[in-house]
Amino acid sequence: MIYLNGKFLPMEQATVPVLDRGFIFGDGVYEVIPVYSRKPFRLGEHLSRLQHSLDGIRLQNPHTEEQWAGLIERIIELNEGDDQYLYLHITRGVAKRDHAFPREVTPTVFIMSNPLPAPPAKLLVSGVSAITARDNRWGRCDIKAISLLPNILLRQLAVDAQAMETILLRDGLLTEGAASNIFIVKDDLLLTPPKDHRILPGITYDVVLELAETHGVPHATREISELELRTAREIMLTSSTKEILPITQLDGQPIGNGTPGPVFQQLDRLYQAYKLEVMRG
Ligand code: PMP
């Protein structure tokens with residue numbers, strides 16, 4: 001069952017008019033929220049980021065946090081599976097095709113749930129491969145916009161190369177993955193680029209930095225050069241659906257000794273323990 005504009009209904013019965021600005025312009029924003037043991041993970045943080053995205057496209061939030069929490073609770077109830085991931089999508093609504101914002105239009109609100117499988121254990125042992133590409137996205141990558149054409153094209157490069165992710169470089173600096181944030185380990189220091197307009201402020205990124213802080217893992221947020229990326233002892237990606245994954249090959253070259261490193265292993269242990277703690281909470 002999905003939620004669309006005030007109604008809960010089966011996916012097959014859900015339709016959106018062709019003049020929806022999401023369909024015509026990609027004029028909207030979204031969120032992806034993991035659910036563990038039927039509880040949304042870091043809901044407050046996801047809803048704050050949604051607000052940031054809505055502010056970024058000058059679209060009024062159609063719901064209060066309480067209303068969102070209620071809709072999310074209902075969607076979780078209506079769908080099977082203890083672990084799910086929720087997709088929330090808001091567009092500027094249905095209006096005559098014109099780039100300028102329409103007046104007095106009601107936003108389209110859509111929520112769906114999908115099963116959330118645990119990251120395959122095999123990948124945590126072997127690590128995954130990634131390729132690099134030039135980050136050719138726009139200047140507001142901090143907005144979780146539904147217009148994802150650049151991300152799609154960049155991610156497909158990875159699929160074509162039988163790799164898991166495309167790691168992006170802008171002006172010789174690491175930004176993020178096509179659908180993830182990136183951390184490296186250099187001289188025992190966990191490093192990731194700072195949050196600014198060049199990257200999505202990842203919820204998992206925040207969790208990893210918090211865990212590093214709490215558990216005394218040396219870390220810093222600063223710019224990372226292409227050379228530092230290529231010569232890193234460890235590289236890992238983070239995302240709500242993939243959690244933390246070790247990248248052991250970059251553009252066909254091994255990273256470190258080509259197996260997941262100790263910092264990844266420590267952070268993944270901490271992340272799994274933190275998830276359990278929150279679920280019991
Ligand atoms: N960057 C991009 C471009 C993403 O699409 C995502 C989400 N898949 C992330 C980073 C990670 O964000 P989060 O940890 O909130 O899932």
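**Exercise 1.** What percentage of the 281 residues of the chain count as buried?

*Solution.* Before counting, note that this is a predicted model: local features need pLDDT of at least 70, side-chain atom pairs count only at pLDDT 80 or more, and totals for chains, interfaces and linings use all residues. Numbering runs from 1 along each chain as its sequence is written. Next, the cut-off: a residue is buried if 20 or more other C-beta atoms, placed from the backbone, lie within 10 Å of its own. On that basis, 36% of the chain's residues are buried.

**Exercise 2.** Check the chain's radius of gyration against the globule rule.

*Solution.* Take the radius over C-alpha atoms; the rule is 2.2 Å times the number of residues to the power 0.38. For 281 residues, a compact globule would come out near 19 Å, and the chain has 19 Å, so the two agree.

**Exercise 3.** Work out whether helix H2 has the span expected from its residues, and where its buried residues point.

*Solution.* Helices here are DSSP runs of H or I with at least four residues, strands are E runs of at least two, and both are numbered from the N terminus.

1. H2 covers residues 43–56, 14 in total. The expected span is 1.5 Å times one less than the number of residues, which gives 20 Å; the end C-alpha atoms are 20 Å apart, so that agrees.
2. The buried residues of H2 are His46, Leu47, Arg49, Leu50 and Ser53.
3. Down the axis, using directions from the axis to the C-beta atoms, they fall within an arc of 160°, so they line one face of H2.

Notes: A residue is buried if 20 or more other C-beta atoms lie within 10 Å of its own, exposed if 12 or fewer, and partly exposed in between; C-beta atoms are placed from the backbone.
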